[in-house]
Amino acid sequence: MRCCGLETVIIFGLFHYGSAIVCYECNSAINTMCSDAILPENLKRNCSDHDRGVTHTLCRKIVQHVEFDVNGHMPTDRVIRSCGWDETKYKGACYHRSGFGGRQEVCSCTKDLCNSAHGHHSSIFMAFTSLVIVFVHKYVTPMACSRKRNYL
């Protein structure tokens with residue numbers, strides 16, 4: 001008989017059950033902190049707080065490069081972070097758009113706060129989580145099962 005109760009608890013404990021995604025929301029044209037490498041807590045937003053008649057399923061980060069003088073402003077780069085929804089092939093991906101006077105890179109992601117300055121946080125978390133599961137499976141579960149057999 002295989003002992004797997006502890007593994008099951010750990011695996012299910014790693015999943016975050018919630019009804020809404022949490023994203024950073026800001027525009028560097030209005031708030032310069034939106035371009036910072038480390039974003040402040042006050043830019044976090046529970047996307048269910050929006051009342052737009054849609055269910056937000058992703059976070060979005062847009063980097064705009066305005067390449068010429070528009071409305072008296074100098075050429076500039078802007079960062080826009082927001083809650084969003086998208087059921088196209090671009091959900092969870094990046095794409096580029098360009099046109100007269102500028103270009104932009106639009107990226108969307110489906111994990112809480114994934115539209116931060118660095119996109120590698122979730123991959124580090126997943127690698128760490130995988131190591132914990134392997135460790136538990138290889139070392140903790142056999143010890144727990146052998147103790148259980150000794151008591152029987």
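Which hand does the disulfide of Cys-26 and Cys-34 have, right or left? The torsion about its S-S bond is about 70°, so this disulfide is right-handed. Keep in mind as you explore that you are looking at a predicted model.

## The disulfides

A disulfide is a covalent bond between the sulfur atoms of two cysteines. You can find 5 disulfides in this structure. If you count the bonded cysteines along the chain, their pairing pattern reads 1-5, 2-3, 4-6, 7-8, 9-10. Here are three of these links with their sulfur distances.

| Disulfide | S to S distance |
|---|---|
| Cys-23 and Cys-59 | 1.9 Å |
| Cys-26 and Cys-34 | 2.1 Å |
| Cys-109 and Cys-114 | 2.0 Å |

Let us start with Cys-23 and Cys-59. The torsion about their S-S bond is about -90°, so this disulfide is left-handed. Cys-23 belongs to strand β1 (residues 22-24) and Cys-59 to strand β4 (residues 58-66), so the bond ties together parts that are 36 residues apart in sequence. Are these two cysteines buried or exposed? Cys-23 has a relative accessible area of 0% and is buried. Cys-59 also counts as buried, at 0% relative accessibility.

Now return to the pair from the opening question. Cys-34 is buried, with a relative accessible area of 0%. Its partner Cys-26 has 12% relative accessibility, and because buried means under 20%, Cys-26 counts as buried too.

The link of Cys-109 and Cys-114 is right-handed, with 95° about the S-S bond. Cys-109 has a relative accessibility of 18%, and it counts as buried.

## The sheet

Next, try tracing the strands. Five of them, in the order β2-β5-β4-β7-β6, make an open sheet of 5 strands with antiparallel pairing. Which strands stand at the edges? They are β2 (26-27) and β6 (94-99); each has a single partner strand, so one side of each is left without a neighbour in the sheet.

Look at the edge strand β2 and the strand it pairs with. β2 runs antiparallel to strand β5 (residues 76-84), and 2 bridges join them. Cys-26 takes part here, with Arg-81 as its bridge partner in β5. Cys-26 is therefore a residue to visit twice, since a disulfide also joins Cys-26 to Cys-34.

On to the next pair in the strand order. How many bridges do β4 and β5 share? The two strands pair in the antiparallel sense over 9 bridges. One place to look is Val-63, whose bridge partner in β5 is Val-79. Strand β4 is also where you met Cys-59, the partner of Cys-23.

## A loop residue to look for

Finally, find Leu-113. Where does this residue sit? Leu-113 is in the loop between β7 (102-109) and α2 (121-151). Leu-113 is not a glycine, yet it has a positive phi of about 60°. Is Leu-113 buried or partly exposed? Its relative accessibility is 22%, and because buried means under 20% and exposed over 50%, Leu-113 counts as partly exposed.

Note on methods. Residues are numbered from 1 along each chain as its sequence is written. This is a predicted model: local features need pLDDT of at least 70, side-chain atom pairs count only at pLDDT 80 or more; totals for chains, interfaces and linings use all residues. Side-chain values use heavy atoms; hydrogens and water are left out. A disulfide is a pair of cysteine sulfur atoms within 2.5 Å. Helices (H or I, at least four residues) and strands (E, at least two) are DSSP runs, numbered from the N terminus. Buried means under 20% relative accessible area, exposed over 50%, partly exposed in between (1.4 Å probe, protein chains only). Two strands pair if DSSP finds at least two bridges between them.
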